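Me: I would like to go through this model by question and answer, with each term's cut-offs given where the term comes up. Please reason each answer through before you give the value or name.

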Amino acid sequence: MESISSWSRRALATLPFPVLLTARPDKNTSNKGEDLRRAPWLTNTTPITVLPPVASLAGEHRFADDHDVRRPYLGAGNPLIAGPTGADRSAWSRQACAPLVPLRPATPSRAPLRTAPEGLLQRGLANPDKLRLQPPLPETADELCAIARTLGAAEADVYLGARATERALKELSAARKLRSYRVLHFATHGLLAGETERVAQSLAEPALMLTPPAVASEQDDGLLTASEIARLDLDAEWVVLSACNTAAGEKANPEALSGLSRAFFYAGARALLVSHWYVDSDAAVRLTTAAFAELAAHPSASHAEALRRAMLSLIASADPLGSHPAHWSPFAVVGRGGR
């Protein structure tokens with residue numbers, strides 16, 4: 001039987017601490033926007049960093065060679081996927097940073113991968129035609145481009161649409177170029193281990209979705225799995241996983257922070273931004289862009305402090321939905337809390 005301490009540790013790892021209260025709320029407090037803005041959330045006063053399992057820190061202390069040219073940012077997102085009918089072309093129109101016409105504030109949620117229909121497997125790899133039927137995320141182009149501008153990154157370092165592929169990332173890694181980026185940012189669909197198992201080779205591991213290729217191969221089938229991530233060569237100060245359930249564990253190891261998180265730490269990341277559940281896409285855009293704006297405005301701030309301030313800006317926003325913890329609390333900083 002599993003020990004209470006082990007169960008408690010796993011349960012605590014899946015709890016978003018910023019949503020805890022520091023005082024008893026007014027008994028008349030409702031679930032409405034104005035009351036939620038006044039709630040005594042822990043995030044009102046305290047920046048929080050989560051330490052990952054010790055096994056996840058194996059590759060954390062590698063540093064770039066002195067002669068490496070450090071680049072501020074690489075972002076990847078807005079995969080070319082067309083929705084369940086295959087007719088949604090919104091992702092195709094947003095494959096470059098400028099000019100970008102702002103999307104309407106209300107955008108679709110970053111939904112989980114849908115239940116796999118028959119024929120999804122193709123020679124043991126994900127079937128790209130089926131992957132393309134997932135809901136598109138054109139708003140992630142806004143997110144990535146805004147942060148790239150904040151950090152002074154080159155537009156060429158924002159991989160959108162047709163450039164946001166497994167092959168591109170693996171080739172950068174093989175050429176030892178991926179390790180030159182201080183920040184890596186993925187804005188896309190995140191898959192739980194069980195969801196990946198339904199679409200690729202029965203591998204029970206989490207994954208990030210990128211643009212599916214015309215023909216699946218070992219090098220690129222549209223899913224960047226945890227085992228593939230672990231083989232990348234990184235030296236990133238911060239890896240931002242702006243996707244669903246990126247704090248979840250592997251199916252065979254349900255412990256939180258044991259899946260994508262462990263893989264990125266093993267590959268060479270020193271801190272991560274991960275999510276605890278299916279995130280609202282519009283809220284994710286606002287939260288991540290605000291966090292990087294805070295880092296730019298306050299260079300000495302930690303990642304956790306920047307995220308805390310971004311959460312407070314979302315709570316205080318005029319949008320009543322923004323104040324609800326379902327929108328601002330899923331994200332957590334894991335690893336080193338400093339810059």
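Me: A charge sits over a ring if NZ of Lys or CZ of Arg is within 6 Å of the ring centre and within 35 degrees of the ring normal. How far from the centre of the ring of Tyr159 is the charged end of Arg163?

Reply: This is a predicted model in which local features need pLDDT of at least 70 and side-chain atom pairs count only at pLDDT 80 or more, while totals for chains, interfaces and linings use all residues. Residues are numbered from 1 along each chain as its sequence is written, and side-chain values use heavy atoms, with hydrogens and water left out. By the charge rule, the charged end of Arg89 sits over the ring of Trp92, 3.8 Å from its centre. The charged end of Arg163 sits over the ring of Tyr159, and its distance from the ring centre is 4.0 Å.

Me: What is the handedness of the disulfide between Cys97 and Cys145?

Reply: A search of the whole structure, taking a disulfide as a pair of cysteine sulfur atoms within 2.5 Å, finds one, and it joins Cys97 to Cys145 with an S to S distance of 2.2 Å. The torsion about the S-S bond of Cys97 and Cys145 is about -85°, so the disulfide is left-handed.

Me: Where along the chain do Cys97 and Cys145 lie, and how many residues apart are they?

Reply: Helices (H or I, at least four residues) and strands (E, at least two) are DSSP runs numbered from the N terminus. Cys97 and Cys145 are both buried, which means under 20% relative accessible area, whereas exposed is over 50% and partly exposed lies in between (1.4 Å probe, protein chains only). The disulfide that joins Cys97 to Cys145 links distant parts of the chain: Cys97 is in the loop between β2 (71-77) and β3 (121-122), Cys145 is in helix α4 (residues 139-150), and their separation is 48 residues.

Me: Which elements do the buried residues of α4 pack against?

Reply: Nine of the twelve residues of α4 are buried, so this helix is largely enclosed by the rest of the structure. Those buried residues include Glu139, Asp142, Glu143 and Cys145. The elements that they pack against are β2, β5 (158-160), β6, β10 (238-242) and α9 (281-297).

Me: How far does α9 reach from its first C-alpha to its last?

Reply: The expected span of a helix is 1.5 Å times one less than its number of residues. For α4, with twelve residues, the rule gives 16 Å, and the end C-alpha atoms are 17 Å apart, which agrees. In α9, which has 17 residues, the expected value is 24 Å, and the reach is close to this, at 24 Å.

Me: What kind of aromatic pair do Phe186 and Phe264 form?

Reply: Rings of Phe, Tyr and Trp (its six-membered ring) pair if their centres lie within 6.5 Å, and planes under 30 degrees apart count as stacked, over 60 as edge-to-face and the rest as tilted; the count by this rule comes to three pairs. The rings of Trp41 and Trp328 have centres 5.3 Å apart and planes at 70°, so that pair is edge-to-face, and both residues are buried. For Phe186 and Phe264 the centres are 5.7 Å apart and the planes are at 50°, so the pair is tilted.

Me: Which residues of the largest nonpolar core touch the most other members?

Reply: A nonpolar core is a set of buried Ala, Val, Leu, Ile, Met, Phe, Trp, Tyr and Cys residues joined through side-chain atoms within 4.5 Å. Trp238 touches ten residues' worth of surroundings that include Leu184, Leu273, Phe292 and Val333, where contact means heavy atoms within 4.5 Å. Of the 37 residues in the largest core, those that touch the most other members are Tyr73, Val158 and Trp238.

Me: Is Arg176 buried or partly exposed?

Reply: Arg176 has a positive phi of about 60° although it is not a glycine, and its place is in the loop between α5 (166-174) and β6. Asn78, in the loop between β2 and β3, also has a positive phi, near 50°, and at 0% relative accessibility it counts as buried. Arg176, at 43% relative accessibility, counts as partly exposed.

Definitions and conventions: Lists of a residue's contacts leave out its neighbours within four places in sequence.
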